[in-house]
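Biologist: Could you take me through one part of this model, the sheet with the helix that lies across it, and then the loops that follow? I would enjoy a close, connected look.

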Amino acid sequence: MFPLGLPPVGGNGTTPEGLRRVIDARYAGPGVIKGCVVTGLATMAYNVSVGAVAIQYAANQMIEVPVTSVNVATIAAPSSGTRTDYIYVDASGNIAVAQSSGAVPTPSLIIAQFTVPAGIS
């Protein structure tokens, strides 16, 4: 390993894996670094504020991902019962909503979850 910021030349420098290991060492675990406040809107959508997250990329490797402010739509409320919406950021900085935690792709970070009751619009 060589200092951060030096491009790998002739085998010397920081590799992408090395940089992800340094980022991993900065944090106790994946999570929101700053911002990324999620607010439910009256239009069956969520607003996510600007911020940044740390996402687990692989064992002992994390990435820091910037988040831009965005509104992201969700599907219609269930006709009965409730459902849970999981708002997440993926490794490319895309923000999306999944209706089960198992539907969130890897690597991603769930930044909020909301219970959606029946019949709201």
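Modeller: Happy to! A residue counts as buried when its relative accessible area is under 20%, and as exposed when that value is over 50%. Please keep in mind that this is a predicted model.

Let's begin with the sheet. It is an open one, built from three strands in the order E1-E4-E5, and the pairing is antiparallel. Strand E1 (31-35) and E5 stand at the edges with a single partner strand each, so one side of each has no neighbour in the sheet. From one strand to the next, the twist averages 25 degrees. As general background, strands of a sheet pair through backbone hydrogen bonds, in either a parallel or an antiparallel way. Here, E1 and E4 are joined in the antiparallel sense over four bridges. If you would like a spot to find this pairing on your screen, look at Val-32, whose bridge partner in E4 is Val-53.

Now add the helix. H1 lies across E4 and E5, and runs at about 80 degrees to E5. Within H1 (residues 16-26), the buried residues are Gly-18, Arg-20, Ile-23 and Asp-24. Their cover includes strand E4 (51-58) and strand E5 (61-67). That ties the two views together: E4 and E5 belong to the sheet, and these two strands also help to cover the buried residues of H1.

Next, follow the chain out of E1. In the loop between E1 and strand E2 (38-40) you will meet Cys-36. Its phi is near 60 degrees, a positive value in a residue other than glycine. Cys-36 has a relative accessible area of 4%, so it is buried.

The loop after E2, leading to strand E3 (45-48), holds Met-44. The phi of Met-44 is near 55 degrees, again positive in a residue that is not glycine. With a relative accessible area of 16%, Met-44 is buried because that value falls under the 20% cut-off.

Why point out these backbone angles at all? Because most residues other than glycine have a negative phi, and most peptide bonds are trans.

That brings me to one last place to visit, in another loop. The peptide bond from Thr-106 to Pro-107 is cis, with omega near 0 degrees. You will find Pro-107 in the loop between strand E8 (95-98) and strand E9 (108-117).

Conventions. Residues are numbered from 1 along each chain as its sequence is written. This is a predicted model: local features need pLDDT of at least 70, side-chain atom pairs count only at pLDDT 80 or more; totals for chains, interfaces and linings use all residues. Side-chain values use heavy atoms; hydrogens and water are left out. Buried means under 20% relative accessible area, exposed over 50%, partly exposed in between (1.4 Å probe, protein chains only). Contact means heavy atoms within 4.5 Å. Two strands pair if DSSP finds at least two bridges between them. Axes are lines fitted to C-alpha atoms, for helices over the stretch in contact, and angles run from 0 to 180 degrees between N-to-C directions.
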